Amino acid sequence: MSNQPYEGYDPYGQQQPQAWPGQQPYDDPYAAQQYTQNTQQWQGQTWETQTQQPVTAAETAYLPQQGYAAPAADEVPAAPAPEPAPDSAYGPATVGGNTRVTDAQRARAEGRSPVIEPGMQPAALTALLGLLLAGAAAVGTYALLVPLVALQAVTAAGWFRLNGMWPARQGIALGFAGALAADAALLVSDRSPSAILGTLGVWVLLSLVLQLRSHADPDERMYGLMATVAAAALAIVAGGYLAAEADAVTVGAIAVAVAVLARALPLPTPASVVVALLAAAGAGVAAGAMTGLGTPGALLGAGAGACALIGHRVASYDYPSRFVHFTAGVALPLSAAAPAVYVLGRALV
C-alpha cells in the first residue's frame, strides 16, 4: 500500500501554513504539506508539546536537564565568584601573567597608602651591618673592606629589584664591578675622593655603551640604562666609607643603625621621623665621646641619620616585595648616608 497521502488530504487537519514576511507561499501543495508535516513532527519532539502530568517545583528540582532543551535565562546558574585572596603583607608576583588585583592597586582603591616600610627585621639587619662597619673602621682600612663589599653587593642587587628588574644579572654584576673598581682605586690613590668620581664617570660611559649594543626596544634600553647607572652610582658612592676618616665612619654608622631602629618603631610617621633624627643625634654624641670627636658628633650623627631616612623611604616606594625589603631596605640607608659621613667627617674632624 502506498504511503503517499491523497492530494488535498491533510492528516493533521491543519491548513496550509502562512508564509513568513518576505517569503513567497508554496506553489506546490505537496511541498507545503511536507513543510507542515516536518514542522509539526519537530515540534512534537519538544518538551512543551508532549503530554505530561503536572509536576511540582520540588519534583523538577532533581530532574536531569534535557540535552536538547536549553535552560531558561533565569535558571542559568551564575558563575561562582572567585574567593578573595587572604590578606597578607605581600601579594603574589604578577610577572607570570597573574591578572589579580595587586596589593598596591587594592590599597589605592581603598584609600590607603601603597607604601609599606621595611619593618623591624630589615632594620635590625641594617643596624647589624652598620655596627660591623663601625667596628671594622676602628680596626683598620682593610678590615673595613669586608662589610663594605657586602654592603655594595646588596645595594646593587636591591636597586634592580626595587625597580622591578630581576634577575638582571648583567646589570647587578656591572654595578658591583664598578664598586670594586672604586674600592681598588681608593686604596691605590690613598683614599682620594677623586677615585670615586673617576670610577663613576667611567662606569656611566660603560653602561651607555652596553645599552646601545642591546637589541631591546628603545624604551626598555633607556629604562635599563637608568637602572644600571643608578645601581652603579649607589654602590660606588657607598665607597665613601672607605674614603672618610675612621672616627667619622664609626660615628656615622652607629647613628644610622640607631636611626633605622627608631624609625621601625610602631609610631605615626611624623613622630617616628622626629624620634629617629633625635636618636641619631644622640647616638652621634655618644659615639663622638668614645672616639674623641666630641660635640660635632651630634651634627654628624644627625646628618647621617637624615640621609639614612631618605634611603629608608626610597626602599618603601610603591608596595615593594619582601625581597626588596631585605635587600634595598637593608642597604639603602647605609649607602645613602655615605656621602654625608665623608663630607661632614672631613669638615668636622
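**Reading a helical chain, feature by feature**

Student: At 33% relative accessibility, how does Glu117 count?

Tutor: Glu117 counts as partly exposed because its relative accessibility is 33%. The scale has three classes: buried is under 20% relative accessible area, exposed is over 50%, and partly exposed is in between (1.4 Å probe, protein chains only). This is a predicted model, where local features need pLDDT of at least 70, side-chain atom pairs count only at pLDDT 80 or more, and totals for chains, interfaces and linings use all residues. Residues are numbered from 1 along each chain as its sequence is written, and side-chain values use heavy atoms, with hydrogens and water left out.

Student: Which residue forms a salt bridge with Glu117?

Tutor: First the idea. Side chains of opposite charge can pair when their charged atoms come close. A salt bridge here needs a side-chain nitrogen of Lys or Arg within 4 Å of a carboxyl oxygen of Asp or Glu. Glu117 pairs with Arg263, and their closest N and O atoms are 2.7 Å apart. The two ends are distant in the chain: Glu117 is in the loop between α3 (103–109) and α4, Arg263 is in helix α10, and 146 residues separate them. The structure holds 1 salt bridge. Arg263 counts as buried, because its relative accessibility is 7%.

Student: How many helices and strands does the protein chain have?

Tutor: Take DSSP runs: helices are H or I with at least four residues, strands are E with at least two, and numbering starts at the N terminus. This protein chain has 14 helices and 0 strands. Of its 349 residues, 34% are buried.

Student: What do contacts tell me about the protein chain?

Tutor: A contact means heavy atoms within 4.5 Å. Look at contacts with a separation of 6 or more: 70% of them join residues 24 or more positions apart. Thr126 is a case to try. Thr126 sits in helix α4 (residues 120–139). Setting aside neighbours within four places in sequence, Thr126 contacts Val260, Gly329, Val330, Pro333 and Leu334. Thr126 counts as buried because its relative accessibility is 0%.

Student: Which residues does Cys307 touch?

Tutor: Not counting residues up to four places away, Cys307 touches Ala336, Ala337 and Ala340. Cys307 belongs to helix α12 (residues 296–314). The C-alpha atoms of Cys307 and Pro333 are 6.9 Å apart, with these positions 26 residues apart along the chain. With a relative accessible area of 21%, Cys307 is partly exposed.

Student: How far apart are the end C-alpha atoms of helix α6?

Tutor: They are 28 Å apart, which agrees with the 28 Å expected for the 20 residues of α6 (residues 169–188) at 1.5 Å a residue. The expected span is 1.5 Å times one less than the number of residues. Now see which residues of α6 are covered. Gly171, Leu174, Gly178 and Asp183 are among its buried residues. The buried residues of α6 pack against α5 (141–162), α7 (194–212), α8 (218–237) and α9 (240–243).

Student: Where is the kink in α5 centred?

Tutor: On Pro147, with a kink of about 30 degrees. The bend at a residue is the angle between axes fitted to the seven residues ending there and the seven starting there. The end C-alpha atoms of α5 are 31 Å apart, which agrees with the 32 Å expected for its 22 residues. Gly164 follows α5, with a positive phi near 75 degrees.

Student: What is the phi of Asp190?

Tutor: Near 60 degrees, a positive value in a residue other than glycine. Asp190 lies in the loop between α6 and α7. At 66% relative accessibility, Asp190 counts as exposed. Arg191 is in the loop between α6 and α7, and Arg191 has a positive phi of about 60 degrees although it is not a glycine. At 25% relative accessibility, Arg191 counts as partly exposed.

Student: Which residues form a nonpolar patch on the surface?

Tutor: Met120, Leu261, Leu265, Leu267 and Val275, with about 370 Å² of accessible area together. Patch residues have over 30% relative accessible area and no salt bridge; like charges are joined within 9 Å, and nonpolar side chains (Val, Leu, Ile, Met, Phe, Trp, Tyr) within 5 Å. Areas come from the Shrake-Rupley method with a 1.4 Å probe; for residues, only the protein chains shown count as cover. Leu261 lies in helix α10 (residues 246–263). Leu261 counts as partly exposed, at 33% relative accessibility. Across the protein chain, about 20400 Å² is exposed, and carbon and sulfur atoms supply 63% of it.
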